[in-house]
Amino acid sequence: MARVTDEKPVPVGLSTASVWPLKAGTAFEIAAELGYDGVEVMVWADPVSQDVSALRRWSRRTGVPVLSIHSPSLLITQRIWSPDPEVRLRMSVDAALELGARTVVVHPPFRWQRRYGDAFGDLVDELEESSGIEIAVENMFKVRPPGGSKNSRVSAFRPSIDPTDVGFRHYTLDLSHTAAARMDALALAERMGEGLSHLHLADGTGLPKDEHLVPGRGGQPCAQLLEKLVSSGFAGQIVLEINTRHAVTGAQRVRDLAEALLFARFHLGQ
């Protein structure tokens with residue numbers, strides 16, 4: 001795991017995806033209200049998330065920095081910025097540089113992205129070397145194929161859902177994804193080793209879907225992992241990526257995100 005080099009506390013950020021279906025600006029406002037250390041911008045259909053100038057204005061208005069950019073890697077974001085995944089990743093790195101973010105989060109290539117997949121490792125190395133931005137490749141989970149049986153699952157990613165099967169300089173560990181994949185999150189953290197530089201903190205019950213529960217409401221070892229990170233001198237970033245789309249009121253959304261932040265800070269000893 002990335003090692004701490006000074007006594008500064010580990011930054012705890014809020015993903016703009018945590019306020020969906022509201023816009024990215026709301027995430028900046030809530031992050032400022034609750035005392036998060038920054039935001040991770042999920043680049044997707046929200047026009048603000050795609051606009052570096054708009055994001056810079058929100059950051060200055062609220063005093064909340066951008067810690068990381070989540071490259072448009074989802075199925076629903078395959079045409080945002082460009083239909084070419086290499087261009088999307090390059091634009092994500094450019095956005096991170098312009099906004100002063102340290103990290104770009106990216107998913108492994110889809111199985112059908114043959115050219116991109118063949119060049120992905122070299123592309124990540126090139127961009128990290130030229131920009132100084134950490135490109136942290138995220139663990140994923142298998143999904144049920146169209147028309148498949150209830151228990152059938154396939155990986156949409158190459159070569160697998162586990163980026164340590166290839167090996168990268170930096171990784172994002174997502175605990176909602178480990179829950180959906182029924183992977184041992186602590187063992188995966190060990191495999192990532194010092195390359196673990198970014199944590200998507202959330203929870204899951206083990207259902208084969210991306211739940212992104214408030215940490216402590218599922219079965220993932222969220223507290224144990226946070227405490228392990230502290231004891232190992234973790235020098236990366238932690239981002240709460242929580243699903244609040246079922247919140248009945250704005251106050252309920254804020255309560256959930258406040259609980260998530262309190263959980264993180266408590267188990268980080270902050």
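In this predicted model, Leu186, Ala189 and Glu190 of helix 6 meet Gln224, Leu225 and Lys228 of helix 7. By class, that contact of helix 6 with helix 7 holds three nonpolar residues, one polar residue and two charged residues. Helix 6 covers residues 185-192 and helix 7 covers residues 222-231; their axes come within 10 Å and cross at roughly 25°. Angles under 35 degrees count as roughly parallel, and helix 6 and helix 7 are therefore described as roughly parallel to each other. The crossing of these two helices, 6 and 7, is right-handed.

Allow me to add a remark on the backbone just before helix 6. The loop between helix 5, residues 175-181, and helix 6 contains Arg182. Arg182 is not a glycine, and yet its phi is positive, at about 55°.

I turn now to the other side of the story for helix 7, namely its packing with helix 8. Two packed helices are described by the angle between their axes and the distance between the axes. For helix 7 and helix 8, the angle is about 45° and the axes are 8 Å apart. That angle makes helix 7 oblique to helix 8. The crossing of helix 7 and helix 8 is, once again, right-handed. Which residues of helix 7 and helix 8 meet? From helix 7 they are Cys222, Ala223, Leu226, Glu227 and Val230, and from helix 8 they are Phe263, Ala264 and His267. Sorted by class, the contact of helix 7 with helix 8 has six nonpolar residues, one polar residue and one charged residue.

Helix 8 also packs with helix 1. The axes of helix 1, residues 24-34, and helix 8, residues 250-267, come within 11 Å, and they cross at roughly 55°. Helix 1 is thereby oblique to helix 8. Helix 1 passes helix 8 in a right-handed crossing. On the side of helix 1, the contact is made by Ile30, Glu33 and Leu34; on the side of helix 8, by Arg253, Val254, Leu257, Ala258 and Leu261. The classes in this contact of helix 1 with helix 8 are six nonpolar residues, two charged residues and no polar ones.

Two further points of backbone geometry concern prolines. The peptide bond from Trp20 to Pro21 is cis, with omega near 15°. Pro21 sits in the loop between strand 1, residues 12-15, and helix 1. The peptide bond from Arg158 to Pro159 is cis as well, with omega near 0°. Pro159 belongs to the loop between strand 5, residues 134-138, and strand 6, residues 170-174.

Let me move on to empty space. Rolling a probe the size of a water molecule over the atoms shows where empty space is left. How many cavities of 30 Å³ or more does a search of the whole structure find? The search finds one. The largest cavity holds about 90 Å³ of space. Its lining consists of 14 residues, and Pro72, Ser73, Pro85, Arg88 and Tyr116 are those that lie nearest the centre of the cavity. Helix 3, residues 85-99, contributes the largest share of this lining, with three residues. In terms of class, the lining of the largest cavity comprises eight nonpolar residues, five polar residues and one charged residue.

Finally, I come to the largest pocket, which has a volume of about 1200 Å³. The largest pocket is lined by 42 residues, and those closest to its centre are Trp44, Leu74, Asp210, His212 and Arg245. The lining of the largest pocket has 24 nonpolar, 10 charged and eight polar residues.

To recapitulate the helix packing in this predicted model: helix 6 and helix 7 are roughly parallel, helix 7 is oblique to helix 8, and helix 1 is oblique to helix 8.

Methods:
Residues numbered from 1 in each chain as written. Predicted model: local features only at pLDDT ≥ 70, side-chain atom pairs only at ≥ 80, totals over all residues. Heavy atoms only, no water. Axes fitted to C-alpha atoms, helices over the stretch in contact; angles between N-to-C directions. Helix = DSSP H or I, 4+ residues; strand = E, 2+ residues; numbered from the N terminus. Parallel < 35°, antiparallel > 145°, perpendicular 65-115°, else oblique. Left-handed = near helix turned anticlockwise from the far one by under 90°. Contact = heavy atoms within 4.5 Å. Nonpolar A, V, L, I, M, F, W, Y, C, P; charged D, E, K, R; others polar. 1 Å grid on protein atoms, 1.4 Å probe; cavity = no way out; pocket = protein on both sides within 12 Å on 5 of 7 lines; lining within 4 Å. Points joined across faces, edges and corners; volume = space filled by probe spheres on them.
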